[in-house]
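Me: Please take a close look at one part of this model, the nonpolar residues at its surface. Then carry on inward and show what lies beneath the accessible side.

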Amino acid sequence: LLFSSLSFFLFYSYIPDFMVLPYISSTKWALIYSLTPFCTALIAYFQKSEHMSWMKMVGLCIGFVGMIPVLILDGDSNALGGLWRFSWPETVMFFCMVSYSYGWVTARRLIRQKKYDAALVNGVGMLIGGMAGLATSPLVESWSAGPVSSFWPFCAIMVPLVLATTLAFTINTYLLK
């Protein structure tokens, strides 16, 4: 059940995210996803799986204050003016961020409480979430399985991309310990 939960929440954090990207500014996207540590800390605290120590509170406050100069100095004139107005795409992005946070809280529970290896948690989550994304793709977009005109250049790009993504997520999962 926890592996299914992890896969669902990681799947939900990415698929709608890609669907709303054309309708959201890069500033709002970055701002919403920079709230991930705060959201994760709140979820873990309310699930009673994490205590909020003084050092964690100080760290979260420093992180929050660190976002202010980015908003003030950003060249996007709509960044501050539209900061508290949320359109539908931005609301979807917010729920994607919450889903992403909850997925990693679930991954941490699998690693710490259930004693699963971080690589296994990462692999199962990515495999099931990826299969769900592949199954969803034909339902929401038109594509054919053969748009690749040259196989070897495609592999030259995709193999390092998949390896780097897998490595990055595995390192992230190990750091959850």
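**Nonpolar residues, outside and inside**

Reply: Start at the surface of this predicted model. Phe151, Trp152, Phe154, Ile157, Met158, Leu161 and Val162 make a nonpolar surface patch of about 750 Å². Take one of them, Met158. Helix α8, residues 151–175, holds this methionine. Its relative accessibility is 30%. Buried means under 20% and exposed means over 50%, so methionine 158 counts as partly exposed.

Now turn to the interior. The largest nonpolar core has 22 residues. Those with the most contacts inside this core are Leu6, Tyr33, Met93, Tyr100, Trp104, Leu110 and Val121. Two or more residues each come from α1, α2 (26–33), α3 (36–46), α6 (88–112) and α7 (118–140). Helix α6 gives the most, with nine residues.

Leu6 deserves a closer look. Set aside its neighbours within four places in sequence. Leucine 6 is then in contact with Gly103, Thr106, Ala107, Leu110, Val121 and Gly125. Two of these partners, Leu110 and Val121, are also listed with Leu6 among the core residues with the most contacts.

Next, serine 5. Helix α1, residues 2–20, contains this serine. Serine 5 has 17% relative accessibility; the cut-off for buried is under 20%, so this residue counts as buried. Not counting residues up to four places away in sequence, serine 5 touches Tyr102 and Thr106. Thr106 is also a contact of leucine 6.

Conventions
Residues numbered from 1 in each chain as written. Predicted model: local features only at pLDDT ≥ 70, side-chain atom pairs only at ≥ 80, totals over all residues. Heavy atoms only, no water. Patch = residues over 30% accessible without salt bridge, like charges linked within 9 Å, V, L, I, M, F, W, Y side chains within 5 Å. Areas by Shrake-Rupley, 256 points an atom, 1.4 Å probe, with all protein chains shown as cover. Salt bridge = Lys/Arg side-chain N within 4 Å of Asp/Glu carboxyl O. Helix = DSSP H or I, 4+ residues; strand = E, 2+ residues; numbered from the N terminus. Buried < 20%, exposed > 50% of the residue type's maximum accessible area, 1.4 Å probe, protein only. Contact = heavy atoms within 4.5 Å. Core = buried A, V, L, I, M, F, W, Y, C linked by side-chain atoms within 4.5 Å.
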